[in-house]
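Look at the sequence and the model below. The report then takes up one helix, its surroundings and the ligand shell.

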Amino acid sequence: MTDIRTAHTSELTAAELFAVRTLLNDAFEGDFTDEDWDHTVGGMHALVREDGELVAHGSLVQRRLLHGGRALRTGYVEGVAVRADRRRRGHASAVMDALERVLREGCYELGALGAADEAVPLYAGRGWKPWRGPSAVLTPTGIERTPEEDGSVFVLPVGTKLDLDGELVCDWRPGDAW
Ligand SMILES: CC(C)(COP(=O)(O)OP(=O)(O)OC[C@H]1O[C@@H](n2cnc3c(N)ncnc32)[C@H](O)[C@@H]1OP(=O)(O)O)[C@@H](O)C(=O)NCCC(=O)NCCS
C-alpha cells in the first residue's frame, strides 16, 4: 500500500528523520552533505511510503528572496528524491503535488528551487519556470552573483508579479546558496 503524508520536521520521530537522511544519502549517491541536510529541515516534509517503507521525499522551507525591491516570502523546495528502484512511478510528482499545495495555501508569494539536471523535466512539466535573469546571494558583505546557478533556478509564482529577466537574490546560508 502506498501512502503520502505531510508533516513538519517537529512532527517526525528521530527514526523517521534518519530514514529521510538515508534516502537522500542513497539517492544523491554520496553527494548529499550535512549542509544540504541543514537546508532540508525546519519546514514541511512530504513523505511517500510503500508498505511502511519510505520511498520518496521532498520538503518546503521558508526563505526570503529579493526581487524588484521586495523580500518575497518564498517556499523553497529541498531534498526531492525517490529511491532508485522506485523511480518513474509518479512518486516525485506526488511529492510535488503535496508541496505545491502547502505553497499555495501557506501564505507564500513565490515557490523556488535549484534543479538538478535530471529533475528539470519534472519541474518544467509542472509549470515551474526557469529564472532567466541573473541569480545572486545576499552575503554578510553584500550581494554576490552566483553565475554557476544561472539557468538551474526554477520558480513557481503564487500570487505575485515577477520579471523573470530581473535579478533574483537568495538569503545567506551555509553550503550551496541555491
Ligand atoms: C528526479 C527524481 C526525483 C524523479 O523521481 P520519479 O519518482 O522518477 O519522478 P516521477 O515518476 O514523478 O516522474 C518522472 C517521470 O516518470 C514519468 N512517470 C510518472 N509516473 C509514471 C508511471 N506510472 N509509469 C511510467 N512513467 C511514469 C513521469 O511522466 C516523468 O516523465 P518525464 O521525466 O519524461 O516527464 C528521481 O529521479 C531522483 O530521486 N533522482 C536523484 C535525486 C535528484 O536528482 N533529485 C532532484 C533534486 S532537484
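What follows covers the helix, the core, two strands and the ligand.

This is a predicted model, in which local features need pLDDT of at least 70, side-chain atom pairs count only at pLDDT 80 or more, and totals for chains, interfaces and linings use all residues. Residues are numbered from 1 along each chain as its sequence is written.

Elements are DSSP runs numbered from the N terminus: helices are H or I with at least four residues, strands are E with at least two.

| Element | Residues |
|---|---|
| β4 | 70-82 |
| α3 | 91-105 |
| β5 | 110-114 |
| α4 | 120-124 |

Helix α3 has 15 residues and should span 21 Å at 1.5 Å a residue; its end C-alpha atoms are 21 Å apart, which agrees. The expected span is 1.5 Å times one less than the number of residues. C107 follows α3 with a positive phi, near 65°.

Buried means 20 or more other C-beta atoms within 10 Å of the residue's own, with C-beta atoms placed from the backbone. In α3 the buried residues include V95, L99 and L103. The largest nonpolar core (buried Ala, Val, Leu, Ile, Met, Phe, Trp, Tyr and Cys joined through C-beta atoms within 7 Å) has 41 residues; V95, L99, A112, F154 and V155 touch the most other members.

Strand β5 is largely enclosed by the rest of the structure, because four of its five residues are buried. β4 and β5 pair in the parallel sense over three bridges; pairing takes at least two DSSP bridges. T74 stands opposite L110 in β5.

Which elements supply at least two residues each of the shell around the ligand? They are β4, α3 and α4.

Conventions:
A residue is buried if 20 or more other C-beta atoms lie within 10 Å of its own, exposed if 12 or fewer, and partly exposed in between; C-beta atoms are placed from the backbone.
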